[in-house]
Each structure stands twice: as C-alpha cells, then as structure tokens.
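Thank you all for making time this morning. I would like to walk you through one protein slowly, going from the overall layout to a few particular contacts.

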Amino acid sequence: MRPNKIQEEKMIKKIILISIFSAILMAQGVVITTGTRKGSYYKYGIKIGYKVKNSTVEPSNGSVQNFDRLLKGEAQVALAQADAYRYYTKKHPEAENKIEPIGTLYKECVFLVTKKDGKIKDDGDLQREGIKVDIGKNGSGSQVTWEYMTMLENGFSKADTYYNGGNMALAKVKSG
C-alpha cells in the first residue's frame, strides 16, 4: 500500500531531520543511497535530496548494496526494504548496532506469478522439491525477499531457484 501525501511528507521530514543531524555531526554533505534509477526508491531519494542541502543521491543495485555503503561510511542515509534489513543483519550481525532504521515509506508485498492451471495454487506449493522459482537478479529486492522467506520458513528452500527477473521470468511462466 502506497502512502498518502501526508504520510509521505511526514516520512520525508523525518529522514531529512536525521540526515541534517548526521551532516552536522560529520561536518560534510549527506550521501543518500537508493536503488536503481528506474525504481521508486531512487525517486524518493531525489525528493529527499532536493530538501537536504549538500546532499548527493547515489543509485545502487538495491538494499544490500545500500547497507554495505552505510557500513563502509560511503553513505549516511539508505532507502531499503524492511525484510532486507532483517536479512542483512542476520548475515552481518555487526550491522544491527551500526544501522538504525528510522521509518517506513510504505508497506511492500510479494507478488508471485504462476501459470494458470499450473502446479502452484498457494505458498505451500512453493515449499516442495521440483518447483522452479525465478527470484530476480542476484542482489535485487526480490532475491533478498525470497532469501528472507527461506529464513522464516525453511520449506521455501526446497524449491529450485534461478536468478532471473523481469520479462525473461514472465516469458518462462507463460511458456511453461
């Protein structure tokens, strides 16, 4: 569910306040790391960047790269998925004390596309051997979401996963 204008503006103000505080403490500009130039996180980063002086908006390959940038000190603000944060901190426990989530832009959900009259009727069907799942490019939000799903419910790891996304993955579903 996308936020309404008031919710979006409140979240942007909160991020701006944190960004300004970080900039004052570090006596330098703020680097905001987002997502791909085509994605919504980049667009939000641009909106935030317009309101924070001396800020730079850096596109990235996604949430994992954003967290890496925070840990290395290459960025002070990162836009990322909540499940990616939980996934990342399980893989990098030291990050939990160094990365502070400050709010939610909007709730996200997982959309799964299956062939009509195919083998998949519900999420339980995804937890069987022999099921093929394209989870998106390595490092993408959809790949991280799938990996986190397997941490929450081990059964998802039984499916055969492939690092395809977008039109290629959709074409495979259509062709069977």
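I will start with the whole chain, then turn to the core, and end with the packing of some helices.

Please keep in mind throughout that what you see is a predicted model. The protein has six helices and five strands, and if you follow the chain from the N terminus, these elements come in the order α-β-α-β-α-β-α-β-α-β-α. The C-alpha trace spans about 55 × 35 × 25 Å along its principal axes, and of the 176 residues in the protein, 36% count as buried. When we take the contacts between residues at least 6 apart in sequence, 66% of them join residues that are at least 24 apart.

Now to the core, where we can ask which residues touch the most other members of the largest nonpolar core. That core has 16 residues, and the ones in question are Ile15, Ile32, Ile48, Leu79 and Leu105. Helix H1, residues 5-26, strand E1, residues 30-33, and helix H2, residues 40-51, each supply at least two residues of this core. If you look at Ile48 and leave aside residues up to four places away in sequence, you will find that Ile48 touches Ile12, Ile15, Ile16, Ile32 and Leu79.

Let me move on to helix H4, which covers residues 82-91, and in which Asp83, Ala84, Tyr85, Tyr87, Tyr88 and Thr89 are buried. What covers these buried residues of H4? The cover includes H3 and helix H5, the latter being residues 141-152.

Taking H3 to begin with, residues 63-72, the axes of H3 and H4 come within 10 Å and cross at roughly 55°, which makes H3 oblique to H4. The crossing of these two helices, H3 and H4, is right-handed. Ser63, Val64, Phe67, Asp68 and Leu71 of H3 meet Ala84, Tyr85, Tyr87 and Tyr88 of H4, and the residues of this contact divide into seven nonpolar, one polar and one charged.

Turning to H5, we find that H4 and H5 pack at an angle of about 65°, with their axes 9 Å apart, and that their crossing is left-handed. On the H4 side, the residues are Asp83, Ala84, Arg86, Tyr87, Lys90 and Lys91, and they meet Gln143, Val144, Thr145, Glu147, Tyr148 and Met151 in H5. By class, the contact of H4 with H5 has five nonpolar, two polar and five charged residues.

Key: Residues are numbered from 1 along each chain as its sequence is written. This is a predicted model: local features need pLDDT of at least 70, side-chain atom pairs count only at pLDDT 80 or more; totals for chains, interfaces and linings use all residues. Side-chain values use heavy atoms; hydrogens and water are left out. A nonpolar core is a set of buried Ala, Val, Leu, Ile, Met, Phe, Trp, Tyr and Cys residues joined through side-chain atoms within 4.5 Å. Buried means under 20% relative accessible area, exposed over 50%, partly exposed in between (1.4 Å probe, protein chains only). Helices (H or I, at least four residues) and strands (E, at least two) are DSSP runs, numbered from the N terminus. Contact means heavy atoms within 4.5 Å. Axes are lines fitted to C-alpha atoms, for helices over the stretch in contact, and angles run from 0 to 180 degrees between N-to-C directions. Angles under 35 degrees count as roughly parallel, over 145 as roughly antiparallel, 65 to 115 as roughly perpendicular and the rest as oblique. A crossing is left-handed if the near helix is turned anticlockwise from the far one by less than a right angle, and right-handed if clockwise. Ala, Val, Leu, Ile, Met, Phe, Trp, Tyr, Cys and Pro count as nonpolar, Asp, Glu, Lys and Arg as charged, and the others, Gly among them, as polar.
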